[in-house]
Amino acid sequence: MQPVMSVAEVSDFLDREFPQIHAGGRVYSIDGIAPGEAVVRLSANDMHLRPGGTVSGPSMMALADLAAYVAILAHIGPVALAVTTNLNINFLRKPEQGDLLCTCRILKLGKRLAVVECGIGSEGQDDYVAHATATYSVPPR
């Protein structure tokens, strides 16, 4: 499964079609795209923290959803109407303050559905802080 879009192409597409992801500042960036996967970074700031100084669950869910979208787009091309139909997340441990990396791997890329698995980890740590699966509906080409 080879990507059909580069990091720069997906980033440009997101900037053009979904500028609202940068409404609170440019906190999301694509670290890499490879066959069957993508890595997206959240540079968490104060708006992403909950009491106790940990990155909030909704922030990690948004990261997983965006990373899933990036992985799928990179492999099907610029399809704005690919949409989330299911997202399930398990929070495994408290993330450290700082950047979170979400590695998203495509499990199935069909004509109508794409299924991905995402692991979210604190930069520099080996253990995941959250694990997510997502299903996207892909419009007919």
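Ring pairs join Phe18, Tyr69 and Tyr136 into a cluster. The model is predicted. Across the whole structure, the search returns 2 aromatic pairs. In one of them, the ring centres of Phe18 and Tyr69 lie 5.5 Å apart. Their planes stand at 90°, so this pair is edge-to-face; the cut-off for that class is over 60 degrees. Phe18 sits in the loop between α1 (7-17) and β1 (28-34). Tyr69 belongs to helix α2 (residues 57-76). The contact therefore ties together parts that are 51 residues apart in sequence.

Tyr69 also pairs with Tyr136. Here the ring centres are 5.9 Å apart and the planes meet at 25°, so the pair is stacked. Stacking requires planes under 30 degrees apart. This pair, too, links distant parts of the chain. Tyr69 lies in helix α2 and Tyr136 in strand β8 (residues 128-137), with 67 residues separating them.

Solvent exposure was computed for each member of the cluster. Tyr136 has a relative accessible area of 3% and is buried. Tyr69, at 6% relative accessibility, also counts as buried. Both values fall in the buried class because its limit is under 20%. Phe18 has a relative accessible area of 23% and is partly exposed.

Phe18 also takes part in a pocket lining. Rolling a probe the size of a water molecule over the atoms reveals where empty space remains. The largest pocket has a volume of about 320 Å³. Its lining comprises 18 residues. Closest to the pocket centre are Phe18, Ile21, Ala62, Asp65 and Leu66. Thus Phe18 appears both in the ring cluster and among the residues closest to the centre of the largest pocket.

Helix α2 gives the most to this lining, with 4 residues. Both α2 and β5 (83-91) supply at least two residues each. By residue class, the lining divides into 13 nonpolar, 4 polar and 1 charged. Helix α2 therefore carries Tyr69 of the ring cluster and also contributes to the lining of the largest pocket.

A further feature is the hairpin formed by β1 and β2. Strand β1 pairs with strand β2 (residues 37-42) in the antiparallel sense, over 6 bridges. Ala34 has Glu37 of β2 as its bridge partner. The turn leaves 2 residues between the strands. Within the turn, Gly36 has a positive phi of about 80°.

Notes. Residues are numbered from 1 along each chain as its sequence is written. This is a predicted model: local features need pLDDT of at least 70, side-chain atom pairs count only at pLDDT 80 or more; totals for chains, interfaces and linings use all residues. Side-chain values use heavy atoms; hydrogens and water are left out. Rings of Phe, Tyr and Trp (its six-membered ring) pair if their centres lie within 6.5 Å; planes under 30 degrees apart count as stacked, over 60 as edge-to-face and the rest as tilted. Buried means under 20% relative accessible area, exposed over 50%, partly exposed in between (1.4 Å probe, protein chains only). On a 1 Å grid over the protein atoms alone, a cavity is a set of points where a 1.4 Å probe fits but cannot get out, and a pocket is an open set with protein on both sides within 12 Å along at least five of seven lines; lining residues have an atom within 4 Å of a point. Grid points are joined across faces, edges and corners, and a volume is the space filled by probe spheres set on the points. Ala, Val, Leu, Ile, Met, Phe, Trp, Tyr, Cys and Pro count as nonpolar, Asp, Glu, Lys and Arg as charged, and the others, Gly among them, as polar. Two strands pair if DSSP finds at least two bridges between them.
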